[in-house]
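Subject: Structure handover

Hello,

Here is the structure I promised to pass on. My notes follow below it.

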Amino acid sequence: MAEPNYPDELRYHREHDWVRASGDEAVFGITWFAQDALGEVVYFDPPAVGDTVTADTSYGELESVKAVSDVYAPATGEVLEVNAAVVETPELVNSDPYGDGWLLRVRLADPASIEGLMSRDDYVAYLEGLG
Amino acid sequence: MTRRTSLHSRHETLGARMGDFGGWSMPLQYDTPRAEHLAVRERVGVFDVSHMGQIEVVGPQSGAFLARALTNDITQIGPGQGQYTLMLTDDGGIIDDLIVYWLVDRAMLVVNASNIEACLTRLQELAASFEVAVSDRSPEVAMLALQGPAWVDAIGPLLATPGPLTLDYFEITEDQLAGVPALVARTGYTGEPGVEVMCPWDQAPALWDALMRGMAAPAPCGLVARDMLRTEMGYPLYGNELTLDRTPIEAGLRWACDIDGARFAGAEAVLAQAESGPAERLTAFRMTDPGIPRTGMDVMHGGERVGTVTSGTLSPLLDCGIGMAYVRADLAAPDTELSIDVRGRQRAARTARRPLVDRSPRTD
């Protein structure tokens, strides 16, 4: 998508990752800002199903023509599923970062930890602060 | 302080992402690099390459002077023709790679933006023994590269005469495009047929606008797509493959050196290395594992570090990572299995002949 977009129902991490939580399960992805900064994504190097990803720590890499970026876990949990569509067609991260371009489905170690992340408004203000 | 070309406002209007390149603010991309790459391979694209330098040589001893200053055999070309060539230090180090054109009354060297000063210094040093005048025309000259199989459709309607359409590869002629006086050369850096157009600095916007109004308007393309296109062809880039620390023999550019005549500055060093054989040679490679090689990554073989990646990108045509690297000379032959150290992980790669893709800039 060409225009900045930050859905209300998501929570945001300062490394430009989003999380959509439902009970003890959550979906992770990267924000519009992150995919725009990275440019057209050409590879996603994901963790394995069953791995534990740790909050504030890199769990994989997204690679574009011009750069490589670590992807940070917004929360700790066990990987239930890797988005195979993104592994196959990485540019989904650019075309639909909050939909078909999701990266991981995880079982959260502590669902309440999500509350510590930024709301949409907090994240947008944070982005403005980055200049 | 970054410098701007006369087309800067056009790039901004088109929403280009700009980036610093050799001290110039240049368009990196307007659309996605892959879309721009495809436009050049299948239709036609246009690049602003006004940052490149133009150095003029005039005088009765221009031929002898250029035979001394440049590595290729200048006697192979006449008026209206150009030639890929190199400028070397006395030790055989590469000062620049460039194209020299014979025009009716002068020679024109088109050099890399970052090397204009170094080229001028070297030329003036060598010019002391010849009756020639060397002058920098770069500030007055803008340059557009129109590349892709449909280049004729894009440029044809703007031409005053059909002359540019009948040029052979590496030939050059004067014409007018939409009333703008221009030098049109059948050259490029993409592996596709096309032309490079030099015109007065201030008239480039008018030429750009005329091209964009055409029925077969070229897709504006940035440096990221240009890097994909030239890497697919295995064309070296100064600063990456070519530096003062590398020689034509190491870079696989012996073909651009007049070894038999050996009149050029640096010839002794080049001949000596051609004889002894270099420790490292440039090779192209493609990744057989996922990932994109990046400049500076280590090349490994049998657990040992055997070289360094100088360029890397994605090949949209091959749909894999590709690159070039200097490797131990015995490993530079095509179809050698190597690995690239991608942030601590060994990713498989295989050396390959250049070009990495099957294209020919000669055919229309």
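A contact here means heavy atoms within 4.5 Å. On that basis, among contacts in chain B between residues at least 6 apart in sequence, 65% join residues at least 24 apart. The matching figure for chain A is 64%.

Some ground rules. This is a predicted model, where local features need pLDDT of at least 70, side-chain atom pairs count only at pLDDT 80 or more, and totals for chains, interfaces and linings use all residues; side-chain values use heavy atoms, with hydrogens and water left out. Residues are numbered from 1 along each chain as its sequence is written, while chains are lettered from A and ligands numbered from 1 in the order in which they are written.

Chain A

Chain A has four helices and nine strands. Helices (H or I, at least four residues) and strands (E, at least two) are DSSP runs, numbered from the N terminus. Their order along the sequence is β-β-β-α-β-β-β-β-β-α-α-β-α.

The C-alpha atoms fit a box of roughly 35 × 35 × 20 Å along the principal axes. The radius of gyration of chain A is 13 Å, which agrees with the value near 14 Å for a compact globule of 131 residues. That radius is taken over C-alpha atoms, and the globule rule is 2.2 Å times the number of residues to the power 0.38.

Of the 131 residues in chain A, 47% are buried. Buried means under 20% relative accessible area, exposed over 50%, and partly exposed in between (1.4 Å probe, protein chains only). The accessible surface of chain A is about 5800 Å², with 47% of it from carbon and sulfur atoms. Accessible areas come from the Shrake-Rupley method with a 1.4 Å probe; for residues, only the protein chains shown count as cover.

Chain A carries 7 positive and 26 negative side chains, and the centres of the two sets are 5 Å apart. Lys and Arg count as positive and Asp and Glu as negative; His and the chain ends are not counted. Each charge is placed at NZ of Lys, CZ of Arg, CG of Asp or CD of Glu.

Two residues of chain A to look up:

- A:Asp121 sits in helix H4 (residues 120-130) of chain A. A:Asp121 is exposed, at 51% relative accessible area. Its C-alpha atom is 9.9 Å from that of A:Arg11, 110 residues away along the chain.
- A:Gly116 lies in the loop between strand E9 (104-108) and H4 of chain A. A:Gly116 is exposed too, at 72%. The C-alpha atoms of A:Gly116 and A:Ala75, 41 residues apart along the chain, are 9.6 Å apart.

Chain B

Chain B has eight helices and 20 strands. Its radius of gyration is 20 Å, close to the 21 Å that the globule rule gives for 364 residues, so chain B is as compact as a globular protein of that length. The C-alpha box is roughly 60 × 50 × 40 Å along the principal axes.

Buried residues account for 59% of the 364 in chain B. The accessible surface is about 14400 Å², 49% of it from carbon and sulfur atoms. There are 31 positive and 47 negative charges in chain B, with mean positions 6 Å apart.

Now the strands. Two strands pair if DSSP finds at least two bridges between them. In chain B, three strands form an open, mixed sheet in the order E1-E3-E2. Strands E1 (3-4) and E2 (17-21) of chain B are at the edges with a single partner strand each, so one side of each has no neighbour in the sheet. E1(B) and E3(B) (residues 24-29) are parallel, over two bridges. There, B:Arg4 is opposite B:Ser25.

Strand E8(B) (residues 107-111) is largely enclosed by the rest of the structure, because five of its five residues are buried. B:Ala107, B:Leu109 and B:Val111 cover one side; B:Met108 and B:Val110 are on the other. E5(B) (residues 53-58) runs antiparallel to E8(B), over five bridges. E7(B) (residues 94-102) is also antiparallel to E8(B), over four bridges. B:Ala107 is the bridge partner of B:Val57 and of B:Trp102. A hairpin of four residues links E7(B) to E8(B).

Last, helix H2(B) (residues 33-42). Its buried residues include B:Pro33, B:His37 and B:Val40. Among the elements covering the buried residues of H2(B) are E3(B), strand E10 (141-147) and helix H7 (223-233) of chain B.

Best wishes
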